[in-house]
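Grab a coffee and work through these exercises with the structure open next to you. Each one sets a task and then walks through a solution.

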Amino acid sequence: MTFLLGVLVGAAGLFVWLRQMPHEPAAPAVAVNTGSLPALPPPRSNLEGKLPPAPEVLPDLTELDLPLHPAATDTPAAAPAAAPSVPPGKLLVPVDGIAPAKLTDTFDQQRGNERHHEALDIMAPKGTKVLAAADGKIVKLFTSKPGGLTIYEFDPTEKYAYYYAHLDRYADGLQEGAQVKRGDVIGYVGTTGNADPNAPHLHFAVFELTPEKQWWKGTPVDPYPLLQP
């Protein structure tokens with residue numbers, strides 16, 4: 001019994017001793033000398049040459065000074081104001097003996113602080129004949145403080161009006177409703193109204209009438225180009 005117990009104790013001690021012994025280190029990796037070996041080509045794919053090119057790299061639009069999403073608005077942009085049309089054909093210079101080359105465009109000249117002239121001043125001696133600039137109808141003979149003795153003529157379409165102001169007098173027999181032809185004498189140059197007594201002239205204006213055909217109201221049109229040959 002004593003012998004068997006000694007054998008068991010000896011075997012247990014041997015087992016403990018074996019577990020405490022250090023393990024044999026793993027064999028180091030064998031270095032391969034690749035200096036003399038040719039470089040292997042990259043693996044080839046069966047799809048090589050069939051793939052689309054890489055997509056182009058787009059710039060970051062957030063770095064550009066551009067609105068990516070313009071602000072929405074329910075209000076449409078206002079349309080520019082339509083320019084007035086002009087009567088067909090050329091007008092006759094409405095003062096007898098005055099050539100177009102002698103005219104000066106005074107349409108945009110300033111009058112006071114709040115308005116432009118919007119008419120043409122044709123200088124001529126007092127009593128010079130005033131002629132109808134085009135065919136039409138005399139719709140109003142009127143006297144006003146600024147314009148003095150005046151005439152309003154509508155063209156045959158009643159789309160345009162011709163205004164003659166600062167007259168010395170009307171032509172004999174001229175009446176409202178009278179039909180006139182281009183070149184007919186309708187009055188005489190004067191200085192009535194607010195005209196300078198020392199500078200007789202005809203104040204001549206053209207305007208596009210409103211749908212209501214009011215003889216005193218419309219959109220001014222520069223007469224100067226219409227009187228040029």
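**Exercise 1. Find out how confident the predictor is in this chain, and which stretches score poorly.**

Step 1: Start with the overall score. This is a predicted model, and its chain averages a pLDDT of 77, with 59% of the residues scoring at least 70.

Step 2: Look for low-scoring stretches. Over residues 26-32 the pLDDT stays under 50, and the model shows zero contacts there beyond four places in sequence. Residues 57-79 also have a pLDDT below 50, and that stretch has two contacts beyond near neighbours in sequence.

**Exercise 2. Describe the fold in broad strokes: what elements are there, and in what order?**

Step 1: Count the elements. You should find one helix and eleven strands.

Step 2: Read them off along the sequence. The pattern is α-β-β-β-β-β-β-β-β-β-β-β, so the helix comes before the strands, given that elements are numbered from the N terminus.

Step 3: Check how far contacts reach. Taking contacts between residues at least 6 apart in sequence, 62% join residues at least 24 apart.

Step 4: Look at the surface. The chain has 229 residues, of which 31% count as buried. Its accessible surface comes to about 16400 Å², and carbon and sulfur atoms account for 60% of that.

**Exercise 3. Work out which strands pair with strand 9, and say whether strand 9 is covered.**

Step 1: Take strand 4, residues 129-131. It pairs with strand 9 in the antiparallel sense over three bridges. Here Leu 131 stands opposite Val 185 of strand 9.

Step 2: Now take strand 7, residues 160-170. This pairing with strand 9 is antiparallel too, over three bridges, and Leu 167 has Val 189 of strand 9 as its bridge partner.

Step 3: Check burial. Four of the five residues in strand 9 are buried, which leaves the strand mostly covered.

**Exercise 4. Do the same for strand 5: which strands does it pair with, and over how many bridges?**

Step 1: Follow strand 5 (residues 136-144) into strand 6 (residues 148-154). Seven bridges join them, and they run antiparallel. A hairpin of three residues makes the connection. One pair to click on is Ile 138 with its bridge partner Glu 153 in strand 6.

Step 2: Look at strand 8, residues 179-180. Two bridges join it to strand 5, again antiparallel, and Lys 137 is partnered with Gln 179 of strand 8.

**Exercise 5. Thr 191 sits in a loop. Decide whether Thr 191 is buried or exposed, and list what it touches.**

Step 1: Place the residue. Thr 191 lies in the loop between strand 9 (185-189) and strand 10 (201-209).

Step 2: Apply the cut-off. The relative accessible area of Thr 191 is 19%, and buried means under 20%, so Thr 191 counts as buried.

Step 3: List its neighbours. Leaving out residues up to four places away in sequence, Thr 191 touches His 166, Asp 196, Pro 197, Ala 199 and Pro 200.

**Exercise 6. Compare the backbone and burial of His 166 and Lys 213: what is phi in each, and is each one buried or partly exposed?**

Step 1: Begin with His 166, in strand 7. Its phi is positive, about 65 degrees, although it is not a glycine. With a relative accessible area of 5%, His 166 is buried.

Step 2: Move on to Lys 213, in the loop between strand 10 and strand 11 (218-221). Lys 213 is not a glycine either, and its phi is positive, near 60 degrees. Its relative accessibility is 36%, so Lys 213 counts as partly exposed.

**Exercise 7. Trace what lies around His 203 and Tyr 160.**

Step 1: Start at His 203, which is found in strand 10. His 203 is buried because its relative accessible area is 14%, and the cut-off is under 20%.

Step 2: Collect its contacts. Beyond four places in sequence, His 203 touches several residues, among them His 117, Leu 120, Tyr 163, Tyr 164 and His 166. That last one, His 166, also turned up as a neighbour of Thr 191.

Step 3: Turn to Tyr 160, which belongs to strand 7. At 3% relative accessibility, Tyr 160 counts as buried. Tyr 160 and Phe 207 are 47 residues apart along the chain, yet 5.8 Å separates their C-alpha atoms.

Note on methods: Residues numbered from 1 in each chain as written. Predicted model: local features only at pLDDT ≥ 70, side-chain atom pairs only at ≥ 80, totals over all residues. Heavy atoms only, no water. Buried < 20%, exposed > 50% of the residue type's maximum accessible area, 1.4 Å probe, protein only. Contact = heavy atoms within 4.5 Å. Areas by Shrake-Rupley, 256 points an atom, 1.4 Å probe, with all protein chains shown as cover. Pairing = 2+ DSSP bridges. pLDDT = per-residue confidence, 0-100.
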